[in-house]
Amino acid sequence: MISPTSLRGSKITGTGRYCPPRVLTNEDLEKMVDTSDEWILTRTGIRERRIADRGQACSDLALEASMAALHSAGVGASELDAIIVGTVTGDMVFPATACLIQERLGAKKAAGFDVSAACCGFVYGVSNGHALIASGQMDKVLIVGVDILSKIVDWKDRATCVLFGDGAGAVVLEACSAGEGILGTYMKSDGSLADLLQVPSGGSRDPASPETCARGGHYLKMKGDGVFKYAVRAMEDAVKQVLDRANLTIDDVDLIIPHQANIRILDAVHKRLGVSADRVVVNIDRYGNTSSGTIPIALDEVVRNGRLKKGDVVLMVTFGGGLTWGSLLFRYN
Ligand code: UT7
């Protein structure tokens with residue numbers, strides 16, 4: 001029996017992931033741009049990443065991850081009240097990728113919408129799903145974090161093309177009593193830093209044209225050092241804020257699942273927080289930065305390999321283009 005609205009919460013009841021099988025190693029990249037395995041590994045922690053096939057779109061990856069999450073939750077697609085997809089590389093400008101997945105899953109009664117918050121898309125999506133459930137509007141929500149950045153990076157730009165990979169992760173969120181499941185959420189952004197990470201063309205400011213294509217306006221542009229500087233500060237802020245909201249301390253957290261952008265950022269954050277490295281999940285070596293996909297992919301891995309135990313308190317923390325940042329605390333059960 002679900003509690004009355006004022007006492008409702010939400011919990012993650014199933015997880016899934018899908019990463020394309022094609023592996024692109026640092027050695028492969030050495031043949032494509034002026035880089036080296038040594039540079040990539042020491043500056044980022046990445047050894048290899050997965051790359052989608054030419055014919056694979058965002059919804060293809062998201063569909064596989066969603067089916068795995070629904071299966072592990074024991075929830076049928078027809079039971080879903082909403083599908084929320086965090087992505088900045090949807091199949092099309094519109095309709096939302098969530099609507100395309102809805103059709104393919106057969107989730108007839110679900111509302112579908114995408115969240116555009118770059119690497120924060122998944123955490124923002126779960127925060128929204130939690131709010132919809134806690135307010136009593138919905139009972140079961142599917143949230144997907146998915147991106148195919150390989151389709152928007154400039155494969156001639158060594159400063160960006162070595163960093164990213166493709167992948168999707170998904171969770172099913174269901175109503176429960178307050179105090180179980182999700183313990184706190186935090187979302188923040190600072191649009192004055194929008195120029196640090198963006199795709200400048202293809203929107204209404206600079207619509208796609210032969211000229212925008214010729215100058216590469218549709219490629220991802222990043223001022224890496226600027227993002228790096230704010231990332232560490234923003235993630236530390238997000239951790240502190242969500243712990244305060246939940247009235248917990250970092251010592252109450254069993255596992256931290258951070259956005260996987262750079263191993264040096266992760267090292268800096270866990271050192272500032274005073275947390276030992278074994279409490280931080282790292283898989284950037286195998287997937288690179290999959291944007292909105294990093295956290296749900298890592299979550300599904302620790303669920304399936306048994307690293308995450310029932311009752312554990314988990315902290316997700318992320319940052320990305322916008323700039324955006326955010327965090328989420330939950331008890332796994
Ligand atoms: O998901 C959220 C978004 N993204 C991020 O969080 C990324 C945050 N930023 C970073 O992770 C780092 O800033 C990068 C990994 C992007 C770059 O690392 P860095 O230590 O800040 O390197 P840098 O940009 O200062 O470049 C150092 C040198 C430069 O050469 P010079 O000017 O010193 O001669 C670059 O041209 O490394 C050069 N370089 C490369 N060399 C070999 C840049 N990219 C490469 C490369 N291979 N792929």
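Reader: Where is the place of Pro95?

Author: Pro95 sits in the loop between β4 (82–86) and α4 (97–105). These labels follow DSSP runs numbered from the N terminus: a helix is a run of H or I of at least four residues, and a strand is a run of E of at least two. The peptide bond leading from Phe94 to Pro95 is cis, its omega being near 5 degrees. The model is predicted, so local features need pLDDT of at least 70 and side-chain atom pairs count only at pLDDT 80 or more, whereas totals for chains, interfaces and linings use all residues. Residues are numbered from 1 along each chain as its sequence is written, and side-chain values use heavy atoms, with hydrogens and water left out.

Reader: Which residues does the other cis peptide bond join, and what is its omega?

Author: Gly322 and Leu323 are joined by a cis bond with omega of about -15 degrees. Leu323 belongs to the loop between β12 and β13. In the turn of the hairpin that β12 and β13 form, with 3 residues between them, Gly322 has a positive phi of about 145 degrees.

Reader: What makes strand β12 and β13 a pair?

Author: Two strands pair if DSSP finds at least two bridges between them. β12 (residues 313–320) and β13 are linked over 8 bridges in the antiparallel sense, so the requirement of at least two is met. One of the bridge partnerships is that of Met316 with Leu328 in β13. Strand β8 (residues 182–189) also pairs with β13, again antiparallel, over 7 bridges; here Ser189 has Thr324 of β13 as its bridge partner.

Reader: Why is strand β13 called largely enclosed by the rest of the structure?

Author: A residue is buried under 20% relative accessible area, exposed over 50%, and partly exposed in between (1.4 Å probe, protein chains only). In β13 (residues 324–331), 7 of the 8 residues are buried, and the strand is therefore largely enclosed.

Reader: How do you know whether Ala118 is buried or exposed?

Author: Its relative accessible area is 14%, which is under the 20% limit, so Ala118 is buried. Ala118 lies in the loop between β5 (111–115) and α5 (121–134), and its phi is near 50 degrees, a positive value in a residue other than glycine.

Reader: Does Asn247 count as buried or exposed, and why?

Author: The relative accessibility of Asn247 is 69%; this is over 50%, so Asn247 counts as exposed. Asn247 is in the loop between α8 and β11 (255–258) and, although not a glycine, has a positive phi of about 60 degrees.

Reader: What makes the oxygen atom of the ligand and the side chain of His259 a polar contact?

Author: A polar contact is a pair of N or O atoms within 3.5 Å (within protein, one atom must be able to donate a hydrogen and the other to accept it, and residues adjacent in sequence count only if both atoms are side-chain atoms). An oxygen of the ligand is 2.8 Å from an N or O atom in the His259 side chain, so the pair qualifies. For the side chain of Arg264, the distance from a ligand oxygen to an N or O atom is 3.0 Å.

Reader: Why is the ligand said to lie between domain 1 and domain 2?

Author: Domain 1 (5–178) and domain 2 (183–331) both contribute residues to the shell around the ligand, so the ligand lies between them. These bounds come from an automatic or database domain assignment.
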